[in-house]
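Q: Please pick one part of this structure and take me through it up close. After that, show me how it fits with what's around it and with the rest of the chain.

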Amino acid sequence: MQRNSGGVGAVGQPWVLRRVRLTWLSFMLFFILVFFPLIAHYYLTTIDEAGPDKRIFGPRPGGELCEAKHVQDLCRIRESVSEELLQLEAKRQELNGEIARLNLRIEACKRSIDSAKQDLLQLKNVISQTEHSYKELMAQNQPKLSLPVRLLPDKDDSGLPPPKSARNCRLRSCFDYARCPLTSGFPVYVYDMASYPWGEYIDPLVKQAFTAAVKSNIYITDNPSIACLYMVLVGELQEFPSSALPSPSELERQLKALPYWRSDGHNHLLVHFSRKSMTQNFLYNVSTGRAAVAQSTFLEQQYREGFDLVVSPLVHALSEPNFLEVPPQVPVKRKYLFTFQGERVESLRSSLQEAPPQSFEEEMEGDPPADYDDRIIGTLKAVQDSHLDQVLVEFTCKNPRLSLATEWALCGDREDRLEVLKASTFALVIAPGDGQLVASAGCGMRLFEALEVGAIPVVLGDHSKLPYHQFIRWSEAAIVVPKPRVTELHFLLRSLSDNDMLAMRRQGRFLWETYFSTSENVLNTILASIRTVIQVPAAPIREETAHEIPHKAGKLAGTDANLADNGDLDLGPVETEPPYASPRFLRNFTYTAADTYRAWNRAPGPFHLFPHTPLDPVLPSEAKFLGSGTGFRPIGGGTGGSGKEFQAALGGNVPREQFTVVMLTYEREEVLMNSLERLNGLPYLNKVVVVWNSPKPPSDDLLWPDIGLPIVVVRTEKNSLNNRFLPWDAVETEAILSIDDDAHLRHDEIMFGFRVWREARDRIVGFPGRYHAWDVNHQSWLYNSNYSCELSMVLTGAAFFHKYYAYLYSYVMPQAIRDMVDEYINCEDIAMNFLVSHITRKPPIKVTSRWTFRCPGCPQALSHDDSHFHERHKCINFFVKVYGYMPLLYTQFRVDSVLFKTRLPHDKTKCFKFI
């Protein structure tokens, strides 16, 4: 038993030992496989971080590792490899730098290529334009005109043989055209009133008014040898006994004694101004020879149609009318439908009592019957008694004014008559009962007073000659009714719409202001009448001389990419040729002879000759391809096209042209320089006119940017916002871009606005829109700048307009408006919008979605002041008083380019990228 147990223990002991050994070996193997790689990894990762004295594999001080001879070869190999690696790294860095430099050169080459492409395209455009200009010059068959030699007639010229009768005088037989060449300038010589005997009998007020008007007239000359027209003032005479006045034969002798009468009085004009309704027909039964007569009263046997002139009475001899006291044109309908106050001076029946009775048909063919005025009285009284409308008719006066026989005398004082007319929608003017009296001062007075206060004249009697009837279309301002229609007069007046009545009232106001209101206007109208019938153009309207401030240009201005960005398209060719001006005075003769109606019946009247107007006729589309293509640049040569073809030419309905930037500034030099620099590279820009509105000159060391175009700095006499719209002679283009010095516009926006303006030349085309709002509580107008779906104004701080309106603003628009602009230093943009809308009866045009245009970071402008809007409220209401109505009109659309937001094929481009 012991042997067995002992055997078992001897056998089990070696097995335990073997198990222990296996465990130990496994542990060691695990340690070697796990911890040793970790330790090795640790030391390997800290090789570069260790100092030179602690490196494991690096060279040791004193070459400890390389002391062994068998290791020296390996060390040399290692050092050689390290040097090569350092050289390769340096080479790699050098190559990377070279690659970067080459990449920059590649980008520069790409930009140069793009620039060269743009230059090539511009050169192609310039070549194309030059070829166009060459072909136009070669094909042009219109000779270049020059001024003809001026004809100076002989002082002792006796003239043509006299006509058989004074009644046969017409311009062709009684006027010497040789004294009035088309380029003569229409010189007028006025006789001194002391040089003829009856001059001492002329009314002193008429003398003073006439003398003052002559001094301010541009046609008057002191040299009688070059005069085209000789003017003689013959009345109105003072109230003297008839025995004190010269007899007709004596008057004829005195006329022939005038130094330049030349036996027959050709080219003479005898002027008789009437201040009273009972005026003397001083020249009746007087043979005036070939001299024309201008007066308010004419008998039929005295008046020579087309030769003599019916003029308006001289109501305001020396006093100027107060336009602010003129009643407003609205409401259209007033208290009375029509009014008439008058008394017959002499019964027509008693004056014609020996005439045999006539039938109604016979009355229509001959003179009015004896009881015609009685029929008018009965009809008008019946209308008054019907009470269908409130009318006022009075046929008796407490103190009637003296008048001619068969004429209706004026009642009461002028102030009392005006008060009645202010409450009248229509004012009746009954022609004299005597059909031989074709024009009378009394009817002229009634017509004048009605137009003055806005009562629409209704003339009963179509045989009457109204003032300047050869030129004025009276049907637009008055209703002329034959006396037989008096029974239908009430129905006719009630049938007129408010639109028609207001249009007639507005036209009547224009006629009164332009031709009748002052003695100066009356004299200008008389001379314009003679000048028009002999077809001599008016004197050119004056321009404002630009006194330039010297300045020095600095470095070449760059182009802001944000301002000129239009995608892959050019905005137009930047002209390499010198800037070209718009043609001037091309319609001198046609404007006078062929456009007489518009010249006389539309503002500003026939008194000025403009270099160009926005209303010139436009050629049909095919004319530019069939003989009349001078200056036209059709898109794609006439085939049209999308963006690229569109930008290469102006196209449109008028020949090529450029525009001028007019920039108003006041002591903001840095802002101004930045704004000027942004204009660099702008196509179709002619020049920049900077209106220096400060009394202090620019700084001596100020460097102006060189934008490749002239910059004209104009010195002004005073600080006035009206200077923005002066017609400077430095502006040589029809198109003006008026822009503030802090306005921030992109080039594509400017170009789009210019193209739109070319299609709407008579309107303001711009960017920021505003509108006038009605204040219900105060029954007045307000200026509003809030976002709105309607607008009625475009601010001229960034807008295109025609230079024609600069002339009207400065020389034709009422002075009271310019005075208020100076008083508030505000509202000049509102005044320009009023003017253009008044002339055209059209609203402005807004382009693009821009509502404001101020540049970021610019100094604060005056418009941020709290009082700015209050002043603009006052301006609007004051301007309405001056014009008599609100001329602004609303519009509900803006203009964007044709292909804006249109999906296009891949081979087509848009006209503008962002517009």
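A: Let's settle one word before we start: two residues are in contact when heavy atoms of theirs lie within 4.5 Å. Keep in mind, too, that this is a predicted model.

A good way in is Ser-780, which sits in strand β24, residues 780-784. Setting aside neighbours within four places in sequence, Ser-780 has contacts with Ala-773, Trp-774, Asp-775 and Asn-877. So is Ser-780 buried or exposed? The cut-off for buried is under 20% relative accessible area, and Ser-780 comes out at 18%, so it counts as buried. For contrast, try Cys-789: its relative accessible area is 73%, so this cysteine is exposed.

Now for the part I'd really like to dwell on, helix α20, which runs over residues 803-812. Eight of its ten residues are buried, so the helix is largely enclosed by the rest of the structure. Which residues of α20 are the buried ones? They are Lys-803, Tyr-804, Tyr-805, Ala-806, Tyr-807, Leu-808, Tyr-809 and Ser-810. As for what they pack against, there are two strands, β21 (735-740) and β26 (798-802), and two helices, α21 and α22.

The meeting with α22 is worth following in detail. The axes of α20 and α22 come within 10 Å and cross at roughly 110°. Angles of 65 to 115 degrees count as roughly perpendicular, so that is how α20 stands to α22. On the α20 side, the contact is made by Tyr-805, Leu-808 and Tyr-809. The α22 side brings Glu-828, Ala-831, Met-832, Leu-835, Val-836, Ile-839 and Thr-840. Sort the residues of this contact by kind and you get eight nonpolar, one polar and one charged.

There's a covalent feature to look at here as well. Cys-827 and Cys-875 are joined by a disulfide, S to S 2.0 Å. The torsion about that S-S bond is about 80°, so the disulfide is right-handed. Where do the two ends sit? Cys-827 is in the loop between α21 (815-824) and α22 (828-840), while Cys-875 belongs to helix α23 (residues 867-883), so the link ties together parts that are 48 residues apart in sequence. Both ends are tucked away: Cys-827 is buried with a relative accessible area of 0%, and Cys-875 counts as buried at 0% too.

How many disulfides turn up in the whole structure? A search finds four. One of them pairs Cys-180 with Cys-228, with the sulfur atoms 1.7 Å apart. This link is right-handed, with 95° about its S-S bond. It joins distant parts of the chain, 48 residues apart: Cys-180 is in the loop between α3 (171-174) and β1 (188-190), and Cys-228 is in the loop between α4 (204-215) and β2 (229-235). Cys-180 has 5% relative accessibility and counts as buried; Cys-228, at 0%, counts as buried as well.

Another disulfide is formed by Cys-397 and Cys-411, whose sulfur atoms are 1.5 Å apart. Cys-397 lies in the loop between β9 (392-394) and β10 (408-409), with Cys-411 in the loop between β10 and α9 (414-422), 14 residues apart. Both Cys-397 and Cys-411 are buried. While we're on cysteines, Cys-443 is buried too, with a relative accessible area of 13%.

For another helix crossing to set beside α20 and α22, go to α12 (residues 498-516) and α13 (residues 519-533). Their axes come within 6 Å and cross at roughly 85°, and the two helices are therefore roughly perpendicular to each other. Here Glu-513, Thr-514, Tyr-515 and Phe-516 in α12 meet Asn-521, Val-522 and Thr-525 in α13. Those residues divide into three nonpolar, three polar and one charged.

Zooming out, the protein has 23 helices and 28 strands. Of its 915 residues, 48% are buried. Among contacts with a separation of 6 or more, 79% are between residues 24 or more positions apart. The accessible surface comes to about 46500 Å², with 56% of it belonging to carbon and sulfur atoms.

Note on methods
Residues numbered from 1 in each chain as written. Predicted model: local features only at pLDDT ≥ 70, side-chain atom pairs only at ≥ 80, totals over all residues. Heavy atoms only, no water. Disulfide = S-S within 2.5 Å. Helix = DSSP H or I, 4+ residues; strand = E, 2+ residues; numbered from the N terminus. Buried < 20%, exposed > 50% of the residue type's maximum accessible area, 1.4 Å probe, protein only. Areas by Shrake-Rupley, 256 points an atom, 1.4 Å probe, with all protein chains shown as cover. Axes fitted to C-alpha atoms, helices over the stretch in contact; angles between N-to-C directions. Parallel < 35°, antiparallel > 145°, perpendicular 65-115°, else oblique. Nonpolar A, V, L, I, M, F, W, Y, C, P; charged D, E, K, R; others polar.
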